[in-house]
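Me: Please take a close look at one part of this model, the pairing of its strands. I should then like to see what is packed around it and what surrounds the ligand.

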Amino acid sequence: MSTPALRFRQLVKRYAGTPVLEGIDLDIAAGECVGLVGVNGAGKTSLLKCLFDFVSFESGSIEIFGHGHRLAQARRPLAFLPERFMPPYYLTGAEFLKYMAKLHGNTYDIHAAHAMFDALDLDHAALSMPVRKHSKGMTQKLGLAACFLADKQAYVLDEPMSGLDPKARARLKERLLHARSQGATVFFSSHALADIDELCDRMAILHGGQLRFIGTPAACREAYGAATLEQAFLACVH
Ligand SMILES: Nc1ncnc2c1ncn2[C@@H]1O[C@H](COP(=O)(O)OP(=O)(O)OP(=O)(O)O)[C@@H](O)[C@H]1O
């Protein structure tokens, strides 16, 4: 079997003794699109924070394309959009993209930025506008644009649809499908089960500190004898 893009093994995370993740095992294959779902406070963001070494964990391991997650080099193939994406307010959109390009070791290309803004339905004016003047949705699109412009092997996105209007959601879905068609791995958290159903090869339901279900959306409906994914989810976290 080929090396998974992401591998979580027996991950245990506590905050001040309170368990949040209690033995998470999850493999995400290269090129796979996996959705992470769970009720508010289930631990989705915590799992992603562990992946990026933003927080420590008590036990278990995480590998990124076969390398320990603590190595900065291991995280190089990943692009990440945090849940509460807040770029420095004093930068313009273009300055932020230049900064991100530099961090990723890439060159800022205004034509690529324009094309990406078009793909995500973001007005080019956002490039010259300070981030503090962006609407919530504009800021989210800027963060997504920075991720996709980084052109990575894997995209890890924490609630990427947050704040997006229906047109932008549709554009983002197209973009994610495009990334997948190029062989990229996508791992994202979402509360929008319709998006999970539409986009994901597999979904993982996190509840009570554990992954209660891992499989295709169709298998999830079948496992819980549910007509819809929403009903299946509710039965799973009951
Ligand atoms: N820094 C922290 N210190 C203490 N507790 C924390 C911290 N961060 C998160 N928690 C707690 O860990 C639990 C999981 O939070 P987390 O943000 O990972 O959940 P989530 O599934 O992403 O939630 P949501 O869907 O609301 O975004 C919650 O009970 C939260 O209060």
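Reply: Strand pairing and its surroundings

Strands β1 and β2 are antiparallel and are joined by 8 bridges. Strands here are DSSP runs of E of at least two residues, and helices are runs of H or I of at least four, both numbered from the N terminus; two strands pair if DSSP finds at least two bridges between them. This is a predicted model, in which local features need a pLDDT of at least 70 and side-chain atom pairs count only at pLDDT 80 or more, while totals for chains, interfaces and linings use all residues. Residues are numbered from 1 along each chain as its sequence is written.

Within the β1-β2 pair, arginine 7 has aspartate 27 of β2 as its bridge partner. The two strands form a hairpin with 2 residues between them, and alanine 16 in the turn takes a positive phi of about 45°. On β4 (residues 59-64), β1 (residues 6-15) has an antiparallel neighbour, joined to it by 5 bridges; here valine 12 stands opposite serine 59. These pairings belong to an open sheet of 4 strands in the order β2-β1-β4-β5, with antiparallel pairing. Its edge strands are β2 (18-28) and β5 (67-68), each paired on one side only.

A second open sheet has 6 strands in the order β6-β7-β8-β3-β9-β10, and its pairing is mixed. Because β6 (78-81) and β10 stand at the edges with a single partner strand each, one side of each has no neighbour in the sheet. From one strand to the next, the twist averages 15° (angles run from 0 to 180 degrees between N-to-C directions of axes, which are lines fitted to C-alpha atoms, for helices over the stretch in contact).

At one edge of this sheet, β6 pairs with β7 (residues 154-158) in the parallel sense over 4 bridges, and leucine 78 stands opposite alanine 154. At the other edge, β9 (residues 202-207) and β10 (residues 210-215) are antiparallel, with 5 bridges. Isoleucine 205 has phenylalanine 213 of β10 as its bridge partner. The β9-β10 hairpin has 2 residues between the strands, and its glycine 208 takes a positive phi near 60°.

Helix α5 (residues 166-181) lies across β3 (33-37), β7 and β8 (185-189), and it runs at about 145° to β8. Residues count as in contact if their C-beta atoms, placed from the backbone, lie within 7 Å.

Helices α2 (residues 93-103) and α4 (residues 136-149) pack at an angle of about 35°, with axes 10 Å apart. The contact involves Gly93, Phe96, Leu97, Met100 and Ala101 of α2, together with Leu142, Ala145, Ala146 and Leu149 of α4. By class, the contact has 8 nonpolar, 1 polar and no charged residues (Ala, Val, Leu, Ile, Met, Phe, Trp, Tyr, Cys and Pro count as nonpolar, Asp, Glu, Lys and Arg as charged, and the others, Gly among them, as polar).

The shell around the ligand consists of Tyr15, Val20, Gly38, Asn40, Gly41, Ala42, Gly43, Lys44, Thr45, Ser46 and Glu83, where a residue is near a molecule if its C-beta atom, placed from the backbone, lies within 6 Å of it. Helix α1 (residues 44-51) gives the largest share of this shell, 3 residues. By class, the shell has 3 nonpolar, 6 polar and 2 charged residues.

As for confidence, the protein averages a pLDDT of 96, and 100% of its residues score at least 70; pLDDT is the predictor's confidence in each residue, from 0 to 100. For the complex, the predictor gives an ipTM of 0.98 and a pTM of 0.96.

Note on methods:
Contact = placed C-beta atoms within 7 Å.
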